[in-house]
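Here is a short note for a colleague opening this entry for the first time. Please read it with the structure on screen.

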Amino acid sequence: FPVTIPYSFLCYMSQRNELGAGIRYSHQINQARMLDFTVGGGQESRKSHAGVGLDFELLKEDIHQPRLSVKSFFQQQKFNSERFNLVGFGPTLRKGFSVYGQELFPYVSVPMGIRVNHVTDEFVYFSSVTVGASMPLPLINRDRMLLSLEGNTNLGASSDYIGFLISWIWK
């Protein structure tokens, strides 16, 4: 099977009206596992972040069922003058279908875990709900460029954001 290597350019706008950007590299280990690395930064409060994640497919998507996966992750963030480590997981449900001849892949995820503050040594539980959709970028190299839009809602010790991603897939 071909190895798929997407590079993603990430943009977000937070509830503080700040903008940020980042890059994600993903590597398909096998049919059921995907490893990714991400780095990025932003304005004022969001100085930088870097992380790694491993996605495990539990149910393969087909005509009659959605794809179900769980992603474990570790991330280091610098927010204002504090530094955090985040350790967690996020179950994700995704189902593709066709709209006016275009493929569309809506998804929902519930990332959660523990955030460790290196300044105060405080452990905080965080969680959020992410809803989004991905599709091949219309009119541009349909099997290699993907467009994704997503929104994140804070459920506890997280943040709200709107994200825009463009992925280029090497095959």
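1. **Asp-36.** Asp-36 sits in strand S3. This is a predicted model. Is Asp-36 buried or exposed? Asp-36 is buried, because its relative accessible area is 8% and the cut-off for buried is under 20%. Leaving out residues up to four places away in sequence, Asp-36 touches Arg-24, Tyr-25, Ser-26, Gly-51, Val-52, Gly-53 and Lys-71.

2. **The partner of Asp-36.** One of those neighbours deserves a second look. The side chains of Asp-36 and Lys-71 form a salt bridge, with N to O at 2.5 Å. This pair links distant parts of the chain: Lys-71 belongs to strand S5 (residues 67-79), Asp-36 to strand S3 (residues 33-42), and their positions lie 35 residues apart in the numbering. The two side chains are also joined by a polar contact of 2.5 Å. Lys-71 is partly exposed, at 23% relative accessibility. Asp-36, in contrast, is buried.

3. **Val-52 and the nonpolar patch.** Val-52 is another residue that Asp-36 touches. Val-52 is in strand S4, which covers residues 46-59. Which residues join Val-52 in a nonpolar surface patch? They are Phe-37, Phe-74 and Val-87, and the patch has an area of about 320 Å². Val-52 has a relative accessible area of 31%, so this residue counts as partly exposed. That value also passes the patch cut-off, because patch residues need over 30%.

4. **The overall fold.** Now step back to the whole chain. How many helices and strands are there? The chain has zero helices and twelve strands. Its pattern along the sequence is therefore β-β-β-β-β-β-β-β-β-β-β-β, given how helices and strands are assigned. The chain has 171 residues, and buried residues make up 35% of them.

5. **Contacts and surface of the chain.** Take the contacts between residues at least 6 apart in sequence. Of these, 41% join residues at least 24 apart. The accessible surface of the chain is about 10,100 Å². Carbon and sulfur atoms account for 64% of that surface.

6. **Salt bridges at Glu-61.** The structure holds five salt bridges. Arg-94 forms one with Glu-61, and their closest N and O atoms are 3.1 Å apart. Arg-94 is in strand S6 (residues 82-94), while Glu-61 is in the loop between S4 and S5; the pair is 33 residues apart and links distant parts of the chain. Lys-95 also forms a salt bridge with Glu-61, at 4.0 Å between the closest N and O atoms. Lys-95 lies in the loop between S6 and S7, and Glu-61 in the loop between S4 and S5, so this pair ties together parts that are 34 residues apart in sequence. How exposed are the two basic partners? Arg-94 is partly exposed at 30% relative accessible area, and Lys-95 is partly exposed at 26%.

7. **A salt-bridge network.** Asp-55, Glu-57 and Arg-67 are linked to one another in a network of salt bridges.

8. **Ser-148.** Move on to strand S11 (residues 145-156), where Ser-148 is found. Ser-148 counts as buried, at 9% relative accessibility. What does Ser-148 contact, apart from neighbours within four places in sequence? The contacts are Ala-133, Ser-134, Gly-163, Phe-164 and Leu-165. With Ser-134 there is a side-chain polar contact of 2.6 Å. Gly-163 is 15 residues from Ser-148 along the chain, and their C-alpha atoms are separated by 8.0 Å.

9. **Two backbone points to check.** Most residues other than glycine have a negative phi. Tyr-100 has a positive phi of about 50°, although it is not a glycine. Tyr-100 lies in the loop between strand S7 (97-99) and strand S8 (102-109). Tyr-100 is exposed, with a relative accessible area of 84%. Asp-121 also has a positive phi, near 55°, and is a residue other than glycine. Where is Asp-121? Asp-121 lies in the loop between strand S9 (112-117) and strand S10 (123-136). Asp-121 counts as exposed, because its relative accessibility is 58% and the cut-off for exposed is over 50%.

Terms used:
Residues are numbered from 1 along each chain as its sequence is written. This is a predicted model: local features need pLDDT of at least 70, side-chain atom pairs count only at pLDDT 80 or more; totals for chains, interfaces and linings use all residues. Side-chain values use heavy atoms; hydrogens and water are left out. Helices (H or I, at least four residues) and strands (E, at least two) are DSSP runs, numbered from the N terminus. Buried means under 20% relative accessible area, exposed over 50%, partly exposed in between (1.4 Å probe, protein chains only). Contact means heavy atoms within 4.5 Å. Accessible areas come from the Shrake-Rupley method with a 1.4 Å probe; for residues, only the protein chains shown count as cover. Patches are made of residues with over 30% relative accessible area and no salt bridge: like charges are joined within 9 Å, nonpolar side chains (Val, Leu, Ile, Met, Phe, Trp, Tyr) within 5 Å. A polar contact is a pair of N or O atoms within 3.5 Å; within protein, one must be able to donate a hydrogen and the other to accept it, and residues adjacent in sequence count only if both atoms are side-chain atoms.
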